[in-house]
Amino acid sequence: MRGRAIGLLAAAAVLALAAALAPLPAAGETVILPYELRIYYDPRQPANLLHDYTLRILVVEVPYGVEDCWEALPNGTVIQLCPPISDAYVRVWYEELKTFKTARTGEDGVASVGFRLWTPKATFRVEVYSERGSVEERIAVNASPWLLAAYICFAAMISSMMLAVRRGMW
């Protein structure tokens, strides 16, 4: 029992000594706090089945202690608090088709990649590589079939009108 207590006391002393000898920043030296990269995408882009879709991605650096990168002001204006990452390499995989496209972010931290949506639910795996680190995220987009249904109905209407004209019923 006494040996176990001495062992715990020795371990506590070693940990206290290690914490005391840890390097501290000198006076006037800046301390770099940890950060993370975060991906946002624009969900307001129209997504219609069998049409082109533009996936717009914003890459930002989230400083230590910041939970939300956006602040809403009383007048309705929204401010972006996190700085954008420029010139980051972005690779976007369309997982259902097993294809990918690449792009680079601009000065505003935005990259745009275009795909044609062939499936009702498209899953994109976005990979961002920068000198600040890398991040990966999955984005699911539900494609609306109603524009395709409208085209089919319009084509059926024209077809039936042509048939009626050819038979002389109109």
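This report describes the fold, the strand pairing, the disulfide and a few individual residues of one protein model.

The model is predicted, and for that reason local features are given only where pLDDT is at least 70 and side-chain atom pairs only at pLDDT 80 or more, while totals for chains, interfaces and linings use all residues. Residues are numbered from 1 along each chain as its sequence is written, and side-chain values use heavy atoms, with hydrogens and water left out.

## Overall make-up

The protein contains two helices and nine strands, where helices are DSSP runs of H or I with at least four residues, strands are DSSP runs of E with at least two, and both are numbered from the N terminus. Read from the N terminus, the order of the elements is α-β-β-β-β-β-β-β-β-β-α. Of the 170 residues, 24% count as buried, a term that stands for under 20% relative accessible area, with exposed meaning over 50% and partly exposed in between (1.4 Å probe, protein chains only). The accessible surface of the protein amounts to about 12,100 Å², and 61% of it belongs to carbon and sulfur atoms; such areas come from the Shrake-Rupley method with a 1.4 Å probe, and for residues only the protein chains shown count as cover. When contacts (heavy atoms within 4.5 Å) between residues at least 6 apart in sequence are considered, 51% of them join residues at least 24 apart.

## Two open sheets

Strands are taken to pair if DSSP finds at least two bridges between them. One open sheet has three strands in the order β1-β2-β7, with antiparallel pairing. Its edges are β1 (36–41) and β7 (110–116), each of which has a single partner strand, so one side of each is left without a neighbour in the sheet. Neighbouring strands of this sheet are turned by 25° against each other on average, direction ignored; the axes behind such angles are lines fitted to C-alpha atoms, for helices over the stretch in contact, and the angles run from 0 to 180 degrees between N-to-C directions.

Another open sheet has four strands in the order β6-β5-β8-β9, again with antiparallel pairing. Here β6 and β9 (133–142) stand at the edges with a single partner strand each, so one side of each has no neighbour in the sheet. The average turn between neighbouring strands of this sheet is 20°, direction ignored.

The table lists three of the antiparallel strand pairs, each with one pair of residues that stand opposite each other.

| Strand pair | Bridges | Opposite residues |
|---|---|---|
| β1 and β2 (residues 52–62) | six | Tyr40 and Leu58 |
| β5 (residues 89–94) and β6 (residues 99–104) | six | Val92 and Lys101 |
| β5 and β8 (residues 121–130) | six | Arg91 and Glu127 |

Strands β5 and β6 also form a hairpin, with four residues between them.

## The disulfide and its surroundings

A search of the whole structure finds one disulfide, defined as a pair of cysteine sulfur atoms within 2.5 Å. Cys69 and Cys82 form this bond, and their sulfur atoms lie 2.0 Å apart. The torsion about the S-S bond is about -85°, so the disulfide is left-handed. Cys69 lies in the loop between β2 and β3 (70–72), whereas Cys82 lies in the loop between β4 (78–80) and β5, so the pair ties together parts that are 13 residues apart in sequence. Cys69 is buried, with a relative accessible area of 0%, and Cys82 also counts as buried, at 2%. Cys153, by contrast, is exposed at 53%.

Glu61, in strand β2, is buried as well, with a relative accessible area of 13%. Leaving aside neighbours within four places in sequence, the residues in contact with Glu61 are Tyr35, Glu36, Leu37, Cys82, Pro83, Ile85 and Arg132.

## Backbone details

Most residues other than glycine have a negative phi. Asp87, which is not a glycine, nevertheless has a positive phi of about 60°; Asp87 is found in the loop between β4 and β5 and is partly exposed, with a relative accessible area of 47%. Lys98, likewise not a glycine, has a positive phi of about 60°, is located in the loop between β5 and β6, and counts as exposed at 65% relative accessibility.

Helix α2 (residues 146–167) has 22 residues and reaches 31 Å from its first C-alpha to its last, close to the 32 Å expected at 1.5 Å a residue, the expected span being 1.5 Å times one less than the number of residues. Just after α2, Gly168 takes a positive phi of about 80°.
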